[in-house]
Amino acid sequence: VSPPPLRHVYGPVPSRRLGRSLGVDLVPPKTCTYDCVYCQLGRTTCLTLERREHVGVDVLVAEVDAALAAGAAPDIVALSGSGEPTLYRPLRELITALRSRFRPVAVLTNGSLLFDPLVRDELREADVVMPSLDAGDESTFVGVNRPHPELDLATVVDGLVAFRDEYRGQLWLEVMLLAGLTGTYMFTDIFGLGG
């Protein structure tokens, strides 16, 4: 009997940051809190803040097990894919189940939901969390990330800071620099670096 097709797991794919990454897609394509101008997957079709269990934890774990049994040999399992992974609920149960089979487990997130204490608590189970921050002021944030109307930059940054203070794993902040839109100013403005 051949194994079922993998619908939510892909790779391993080569990653400059993570090595051979086995990806796990937790939400339907283009379900996100942002509609970033640079997204390689195109426009967001479901701009939302609603967290849901789009697919069962058992299904996702079974697909990861199948990929590993087939010889996938990743360096890391990464929860990412074609939308914002923190929109997936129950994230803690999934991370815990995956870590019992393979480590490290990383979550690649835009960081927009870190204002929510429950999201921060669930993410604490991951070995690596990679949030992003693409703008240093509200107008750039709106122009580049095109967030859900209920999000603003101050809320996102406050969530990042709160998570930084609570999390004991590896935290890698990712920044997308876009010519003519973002640049080194944001590091000076937000982190007090430079002149």
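These are my notes on the cores and two helices of this predicted model.

**Entry 1: the main core.** I began with the largest nonpolar core, which has 42 residues. I listed the residues with the most contacts inside this core: Val24, Leu26, Leu79, Tyr88, Leu94, Leu98 and Leu123. Next I looked up which elements supply at least two residues each to this core. On the strand side I noted strand 2 (19-25), strand 5 (76-80) and strand 6 (105-108). The helices on my list are helix 1 (57-69), helix 2 (91-99), helix 3 (117-123) and helix 5 (153-166).

**Entry 2: a separate core.** Apart from the main core I found another one, of 7 residues. Leu18, Ala78, Ala106 and Leu108 are among them.

**Entry 3: around Val24.** What does Val24 touch, once I leave aside its neighbours within four places in sequence? I wrote down His8, Val9 and Tyr10, then Leu60 and Val64, and finally Val77, Ala78, Leu79, Ser80 and Gly81.

**Entry 4: helix 2.** I checked which residues are buried here and got Leu91, Leu94, Ile95, Ala97 and Leu98. Looking down the axis, I saw these buried residues fall within an arc of 165 degrees, so they line one face of helix 2. They pack against helix 1, helix 3, strand 5 and strand 6.

**Entry 5: helix 4.** In helix 4 (residues 138-145) I found Thr140, Phe141, Val144 and Asn145 buried. Why do they sit on the same side of helix 4? Their arc around the axis is only 105 degrees, which puts them there. A last jotting: Arg146 follows helix 4, and its phi is positive, near 40 degrees.

Key
Residues numbered from 1 in each chain as written. Predicted model: local features only at pLDDT ≥ 70, side-chain atom pairs only at ≥ 80, totals over all residues. Heavy atoms only, no water. Core = buried A, V, L, I, M, F, W, Y, C linked by side-chain atoms within 4.5 Å. Buried < 20%, exposed > 50% of the residue type's maximum accessible area, 1.4 Å probe, protein only. Helix = DSSP H or I, 4+ residues; strand = E, 2+ residues; numbered from the N terminus. Contact = heavy atoms within 4.5 Å. Arc of directions from axis to C-beta.
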